[in-house]
Structures are given as C-alpha cells and as structure tokens.
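Subject: A structure to look at

Hello,

Here is the structure I promised to pass on to you. Please open it alongside this email, and then read on for what was found in it.

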Amino acid sequence: MEIFAHRGASGSRPENTIAAFREAAGLPIAGVEFDVHLSGDGVPVVIHDETVDRTTDGSGYVKDLTLEELKQLSAGCRFSDEFSDERIPTLREVLELFRDKPHRLNIELKSDVFPYPGMREKVIAMVREFGIGDRIILSSFDHVTLAAAKREAPDIETGMLFVEILADARSAASGIGADALHPALPFSVREPGRRAAAEGAVLRVFTVNEPEHALMVREAGARAIFTDYPDRMLKLFK
Ligand code: G3P
Ligand code: MG
C-alpha cells in the first residue's frame, strides 16, 4: 500500500505548511498531497480552503489577498503556538523542498469554487521549470480543469477526485483523460470500486486515518491512501 501524506503530515503538524512537508519529506512514504489556490496577485499558494479564516490568524479570500498580505499571516498558530511562525507556502517553496527527494507530489488544483484564471498553466509551467513532471500527479474535483491539464500536459499523470459511489468511474475518468481514480473511501470498498481496481484502475483513496479503514481499502485493491497520519500507516503496513 502506497502512503501519501495528506496536506503534508497534517496530523502532527499544521496542514499545508513547510513544517508538515518537512515531516513528510523525512518519512519513507510514496508521496505527499497538497492543495493550491491563486493569490490576488497571481501566485500559486498552498492552502486548502478558499479563505484563510480556518487555518490562519487572518480573514478573507485567498483570491483577494496579495502574496505579501498572505505571508503576514500565521498558518500554524491555530494548530499550536509552537508553530506560530509557519507561513502559507508558495507552490515554488514546496517544490524546492522536495526537489531532491524521491517523493511523488500530488498537486490538487482547488479551482472548484473560483476558476482562478491562469492557475493551471502556471502550475504546469513551474513543474516544467523544475523538471519533475514524472513525479507529479495533478488532481482536482474540477474535472473541466483536470481535462484541460491533461490536454496541455499529456505526460503528467492526472487523478480524478470524487466523493460519490460512481457506478462507472472508469468511463468518467476516461472521458476526461484521467489516469487514476482518487475517490473518497466509500467508493473504494464498494462493488464499483472493487471492480475498477480488479480491472486494473489505479485507486488512491482519501482520507484514510483509521487503521481498520486502511486495511479495508487495501483488501479492496486500492493502490494508495491519503492520510493525515503517515507515521501510523507506515507502522501498519511495515
Ligand atoms: O486529494 C485528496 C484530498 O485532499 C481531497 O480532499 O478536501 O482534503 O482536499 P480535500
Ligand atoms: Mg486535497
């Protein structure tokens, strides 16, 4: 079972921060997942929500704040005072951290609510600049953006995110050129998910934090899990 650290090692560190990514980078796991939005001045930044309210000491939409304004916020103080110096990372900072590491990087394009014109192109251009296309997985719940990414960068793997128990997920994925299925846990353990895995589809399943769930997902044939607790899952699957 491949283990991907979800938002970095977000069980023990504030999600989507350099601290969470450093922790993940030190573990012998397959990869790390993180979420990308675009700042008001057009810089790809790593944060989960459309707003900064939940994970920082600021408020407002990411799209309405410049990178300089975003960098003034603490991305760690809500998790613990110990991490109050953590900032919202740029995509560039995260790619630099993993440049010489073996980990695969799953960049989730969070264009679900706001379309962020130009974000997809900027992400692909940065991946090219770093020369790490073979280690990247682009994923999104926004299947329109994911299809466009595959057209523009056919060599970069894409994963179709979804939460439904789709009756025919492989057809849906093939319709947008997606290489892998990135379902929520229920699909992976139900008949359509088991069938897809048995037919050769690559399933990476989110978000799996309970050992009992992880064992179910493995038994159902999935390739990988996204987990907030990569250390816990390493022990389980050692
Ligand atoms: O990519 C897997 C997972 O991160 C998708 O959901 O909301 O945690 O970004 P979310
Ligand atoms: Mg995500």
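One definition helps before anything else: a residue counts as buried if 20 or more other C-beta atoms lie within 10 Å of its own, and as exposed if 12 or fewer do. Please also keep in mind that this is a predicted model.

Let me use that cut-off straight away on the loop between strand E1 (2-6) and helix H1 (18-25), which holds Arg7 and also Asn16. Asn16 has 27 other C-beta atoms within 10 Å, so Asn16 is buried. Arg7 is buried as well, because 26 other C-beta atoms lie within 10 Å. The backbone at these two places is worth a look. Most residues other than glycine have a negative phi. Arg7, although not a glycine, has a positive phi of about 60 degrees, and Asn16, also not a glycine, has a positive phi of about 50 degrees.

Now for the chain as a whole. Its secondary structure comes to ten helices and nine strands. The C-alpha trace spans about 50 × 40 × 30 Å along its principal axes. A compact globule of 238 residues would have a radius of gyration near 18 Å, and the chain's value of 17 Å agrees with that. Buried residues make up 46% of the 238 residues. Of the contacts with a separation of 6 or more, 53% are between residues 24 or more positions apart.

From the record, an unreviewed UniProt entry carries the annotation "domain: GP-PDE" for residues 1-237. In the model, that span is 33% helix and 18% strand, and its end C-alpha atoms lie 7 Å apart.

Two helices show how the burial is arranged. In helix H3 (residues 91-98), the buried residues are Leu91, Val94 and Leu95. They fall within an arc of 100 degrees when seen down the axis of H3, so they line one face of the helix. An α-helix has 3.6 residues a turn, so residues three or four places apart point the same way. The partners of the buried residues of H3 are H1, strand E2 (31-38), strand E3 (44-46) and H4.

Helix H5 (residues 143-152) has Thr145, Leu146 and Ala149 buried. Because they cover an arc of only 100 degrees around the axis, they sit on the same side of H5. What is exposed on the other side of H5? Val144 and Arg151 are. The buried residues of H5 pack against strand E4 (104-109), helix H4 (119-130), strand E5 (136-140) and strand E6 (157-162). Helix H4 therefore appears in both lists, packing against buried residues of H3 and of H5.

For a contrast in burial, turn to Pro186 in helix H7 (residues 185-189). Pro186 is exposed, because 12 other C-beta atoms lie within 10 Å. The C-alpha atoms of Pro186 and Val205 are separated by 9.1 Å, with the two residues 19 apart along the chain.

Last comes the ligand. Which residues are around ligand 1? They are His6, Glu33, Asp35, His48, Glu108, Ser139, Leu161, His182, Phe206, Thr207 and Phe226. This shell divides into three nonpolar, five polar and three charged residues.

I hope you enjoy exploring it.

Best wishes

Technical notes:
Residues numbered from 1 in each chain as written. Chains lettered and ligands numbered in written order. Predicted model: local features only at pLDDT ≥ 70, side-chain atom pairs only at ≥ 80, totals over all residues. Near = placed C-beta within 6 Å. Nonpolar A, V, L, I, M, F, W, Y, C, P; charged D, E, K, R; others polar. Helix = DSSP H or I, 4+ residues; strand = E, 2+ residues; numbered from the N terminus. Rg over C-alpha atoms; globule rule 2.2 N^0.38 Å. Contact = placed C-beta atoms within 7 Å. Arc of directions from axis to C-beta. UniProt positions renumbered as here; feature names shortened; annotations may be inferred.
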